[in-house]
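These are my notebook entries on a structure that I am reading for the first time. I record what I looked up, entry by entry.

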Amino acid sequence: PPASQNNEQGSTLRDLLTTTAGKLRLGSTDAGIAFAPVYSTGTASGKSGRTMPNILDDIIASVVENKIPPNRAPKINVKSEIKDEPKDDRKCIQDDCSKRYSDVQYSWICDKHVLWLRDHKNNNNWKLFKECWKQGRPVLVSGMHKKMNFSLWKAESISLDFGNQQADILNCKDSIISNTNVKEFWDGFEDVSKRQKIKNGETALLKLKDWPSGEDFKAMMPARYEDLLKSLPLPEYCSPEGKLNLASHLPGFFVRPDLGPRLCSAYGVAATKDHDIGTTNLHIEVSDVVNILVYVGIAKGNGVLSKSGVLKKFEEEDLDDLLRKRLKDSSELPGALWHIYAGKDADKIREFLQKIAKEQGLEVLPEHDPIRDQSWYVNKKLRQRLLEEYGVKTCTVIQFLGDAIILPAGALHQV
């Protein structure tokens, strides 16, 4: 930087240490932490010969003396666990995993973009998970409901215990939010005849959004909170006390993301005429997220697709062969359809949605962000155009009862 900026910006190590040292005196309340004195300003007897510039010279000289020559590689003490890791190359990891993790039951799905851990009880799952997570890829863990008290999560059970509560309910088709009695939502969860009707007589697609959430969840539903915590996949990472759960170990002076848990419940799209809408529009979470499907209701009533009809709707999607095989397994109960995109494609998707908005005659304001605003559910036709025009492929995942989907922060998704 220009010389005029040196003093203001602390462009050198000396400037940085000098400006910082004066602020971090012992017991400084501004810093919030008691720091040891960085330098001495002298004693009452005036015998101190150590001034701040002397000490800074010592520090800088020490750094310079220990500088590694450019023609000599640094000697780094690397843990054996890291030393043998393969390069961050998808094929390398997949080829190597079959040898290194032969005791883990797993598969790759979605064109080898998603890791599927098939045995939730395997204590070595987290080791393979860590390999995959470094590349920012989603992970699916199946069978979590086998560890849970299923009776706690039935719609009728929640309605019975908390039906008198008030909560915000979202109409997914027109995005209208109303504050209403929770019992009304749960009464219509599996009985279409008890669901609200919108102005044209069509059945409303409702979502009970993030109710309850965080501390409210723990206080209102302690039994369910404990049941959820003991059933989390990959506890080393997902548990609040997990050794790899960095967010929960951040010091108190950091602004932590909302780690929940929160209950997200919605009616199925199968009971509506319009299958081009979703219960969760395309968006990004600021933290990693684990979503467990704890209950799947089978809607009953006139005009509702039968179970075979619902399965047919799933099969119309661009599915991985392993997911198609799961659909044919009578012991599996599909409940949610996810479309997931890598964070690196966010700008392309944003540009595409703004282009579509203009085509549809919608006003696109400079401050409008279709992803942040969660204003789009990208239907099948648009997903095809996204692939053809921008080269962005959709990762389609079916979430079955008991499946936990773990997404890295920044991954775009809709449900």
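**Entry 1: a pocket**

Which residues lie nearest the centre of the second largest pocket, and how many residues line it? I note first that the model is a predicted one. I found 19 lining residues, with Cys110, His113, Lys393, Thr394 and Cys395 nearest the centre. I recorded a space of about 340 Å³ for this pocket. By class, I read its lining as seven nonpolar, four polar and eight charged residues. I then looked up which strands contribute, and noted that β10 and β11 each supply at least two residues of the lining.

**Entry 2: Cys110**

I turned to Cys110, one of the residues nearest the centre of that pocket. I located Cys110 in the loop between β1 (106–109) and β2 (114–117). Is Cys110 buried or exposed? I entered Cys110 as buried, because its relative accessibility is 11% and the limit for that class is under 20%. I also looked up its backbone and found a positive phi of about 55 degrees, although Cys110 is not a glycine. I add as background that most residues other than glycine have a negative phi.

**Entry 3: helices α6 and α12**

I looked up how far helix α6 (residues 125–133) is enclosed. Seven of its nine residues are buried, so I describe α6 as largely enclosed by the rest of the structure. I listed the buried residues of α6 as Asn125, Trp126, Leu128, Phe129, Glu131, Cys132 and Trp133.

For helix α12 (residues 307–315), I noted Gly309, Leu311 and Phe314 as the buried residues. What covers them? I found that the cover includes α13 (321–327), β10 (334–341) and β11 (395–400). I had already met β10 and β11 in the lining of the second largest pocket.

**Entry 4: α14 against α15**

I looked up how helix α14 (residues 346–359) packs on helix α15 (residues 380–390), and recorded an angle of about 115 degrees with the axes 11 Å apart. I noted the crossing of α14 past α15 as right-handed. From α14, the residues that I found in the contact are Lys348, Ile349, Glu351, Phe352, Lys355, Ile356 and Glu359, and they meet Leu382, Arg385, Leu386, Glu389 and Tyr390 of α15. I read the residues of this contact as six nonpolar, no polar and six charged.

**Entry 5: the loop between α14 and α15**

I placed both Leu362 and Gln374 in the loop between α14 and α15. I entered Leu362 as partly exposed, because its relative accessibility is 45%. Leaving aside neighbours within four places in sequence, I found Leu362 in contact with Ala357 and Trp376. I entered Gln374 as partly exposed too, because its relative accessibility is 36%. I noted that phi of Gln374 is near 50 degrees, a positive value in a residue other than glycine.

**Entry 6: cis peptide bonds**

Where do cis peptide bonds join a residue to a proline? I found one between Trp211 and Pro212, with omega about -20 degrees. I located Pro212 in the loop between β6 (206–208) and α9 (214–220). I found another from Gly260 to Pro261, with omega near 0 degrees. I located Pro261 in the loop between α11 (235–238) and β7 (265–266). I add as background that most peptide bonds are trans.

Technical notes:
Residues are numbered from 1 along each chain as its sequence is written. This is a predicted model: local features need pLDDT of at least 70, side-chain atom pairs count only at pLDDT 80 or more; totals for chains, interfaces and linings use all residues. Side-chain values use heavy atoms; hydrogens and water are left out. Buried means under 20% relative accessible area, exposed over 50%, partly exposed in between (1.4 Å probe, protein chains only). Helices (H or I, at least four residues) and strands (E, at least two) are DSSP runs, numbered from the N terminus. Contact means heavy atoms within 4.5 Å. On a 1 Å grid over the protein atoms alone, a cavity is a set of points where a 1.4 Å probe fits but cannot get out, and a pocket is an open set with protein on both sides within 12 Å along at least five of seven lines; lining residues have an atom within 4 Å of a point. Grid points are joined across faces, edges and corners, and a volume is the space filled by probe spheres set on the points. Ala, Val, Leu, Ile, Met, Phe, Trp, Tyr, Cys and Pro count as nonpolar, Asp, Glu, Lys and Arg as charged, and the others, Gly among them, as polar. Axes are lines fitted to C-alpha atoms, for helices over the stretch in contact, and angles run from 0 to 180 degrees between N-to-C directions. A crossing is left-handed if the near helix is turned anticlockwise from the far one by less than a right angle, and right-handed if clockwise.
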